[in-house]
Amino acid sequence: MEDCGLVVTQLDVEPGECIKVKGKIQSDAKGFAVNVGKDSNTLMLHFNPRFDCHGDVNTVVCNSKEDGVWGEEDRKAEFPFQHGDKIEICISFDETEATVKLPEAEFKFPNRLGMEKIEYLAVEGDFKVKAIKFS
Ligand SMILES: CCCO[C@@H]1O[C@H](CO)[C@@H](O[C@@H]2O[C@H](CO)[C@H](O)[C@H](OCc3cn(Cc4ccccc4)nn3)[C@H]2O)[C@H](O)[C@H]1NC(C)=O
């Protein structure tokens with residue numbers, strides 16, 4: 001059973017506020033994911049950089065999940081990650097979209113579920129969380 005990584009619940013992150021996740025991508029990372037939403041079955045955003053997994057190589061896959069069912073995947077053109085990188089991922093949202101800000105890239109993903117707050121954060125896979133900040 002995949003040991004799940006960091007999970008934070010009972011959050012109350014509102015539009016315009018930022019979730020900053022600081023950590024290190026493992027040197028042999030196959031992939032990692034940052035999930036935000038209401039709970040594990042209801043995700044505004046599953047942000048999933050894949051180095052080499054599920055048949056994808058160096059591809060950022062984004063998706064939503066509603067009542068435990070994945071939505072339509074959105075594969076991004078940029079892949080601003082390297083093995084061993086120490087990065088800070090900043091996630092914010094408004095009524096129309098979620099934004100993922102990185103040092104050299106920014107990704108947008110539609111707020112398909114019209115979520116008005118983020119209560120749940122989970123980080124999975126080959127990413128070692130150092131710190132989390134809310135601002
Ligand atoms: C071509 C027909 C099959 O399509 C494939 O269907 C797979 C199963 O749905 C898709 O993979 C799933 O994509 C989802 C997003 O749309 C999620 O990424 C599913 O993974 C969930 C998950 C997280 N974790 C924890 C984790 C996360 C990161 C690294 C290590 C463990 N374990 N499973 C992942 O299994 C996969 O993205 C999809 N590929 C394509 C090209 O569409």
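**Reading the ligand site**

Mentor: Start with asparagine 48: one of its polar side-chain atoms is 3.2 Å from a ligand oxygen atom in this predicted model. Local features here need pLDDT of at least 70 and side-chain atom pairs pLDDT 80 or more, while totals for chains, interfaces and linings use all residues. Side-chain values use heavy atoms, without hydrogens and water, and residues are numbered from 1 along each chain as its sequence is written.

Trainee: How far from an oxygen atom of the ligand does a polar side-chain atom of histidine 46 lie?

Mentor: A polar contact to the ligand is a pair of N or O atoms within 3.5 Å. For histidine 46 the distance to a ligand oxygen is 2.8 Å, and arginine 50 also places a polar side-chain atom 2.8 Å from a ligand oxygen. The ligand alone exposes 850 Å², of which the protein buries 54% (Shrake-Rupley, 1.4 Å probe).

Trainee: How many residues surround the ligand, and which are the closest?

Mentor: A residue counts if one of its heavy atoms lies within 4 Å. There are 13, and His46, Asn48, Arg50, Asn63 and Glu73 are the closest. By class the shell holds 2 nonpolar, 6 polar and 5 charged residues. Strand E4 (42-53) gives the most to this shell, 3 residues; strands are DSSP runs of at least two residues.

Trainee: In which pocket does the ligand sit?

Mentor: Rolling a water-sized probe over the atoms shows where empty space is left. A pocket is an open set of points on a 1 Å grid where a 1.4 Å probe fits, with protein on both sides within 12 Å along at least five of seven lines; lining atoms lie within 4 Å of a point. The ligand sits in the largest one (more than half of its atoms within 2 Å of the grid points). Its volume is about 520 Å³.

Trainee: Which residues lie nearest the centre of the largest pocket?

Mentor: Of 24 lining residues, Ala33, Asn35, His46, Glu124 and Gly125 do. E4 again gives the most, with 5 residues.

Note on methods:
A polar contact is a pair of N or O atoms within 3.5 Å; within protein, one must be able to donate a hydrogen and the other to accept it, and residues adjacent in sequence count only if both atoms are side-chain atoms. Helices (H or I, at least four residues) and strands (E, at least two) are DSSP runs, numbered from the N terminus. Ala, Val, Leu, Ile, Met, Phe, Trp, Tyr, Cys and Pro count as nonpolar, Asp, Glu, Lys and Arg as charged, and the others, Gly among them, as polar. Grid points are joined across faces, edges and corners, and a volume is the space filled by probe spheres set on the points.
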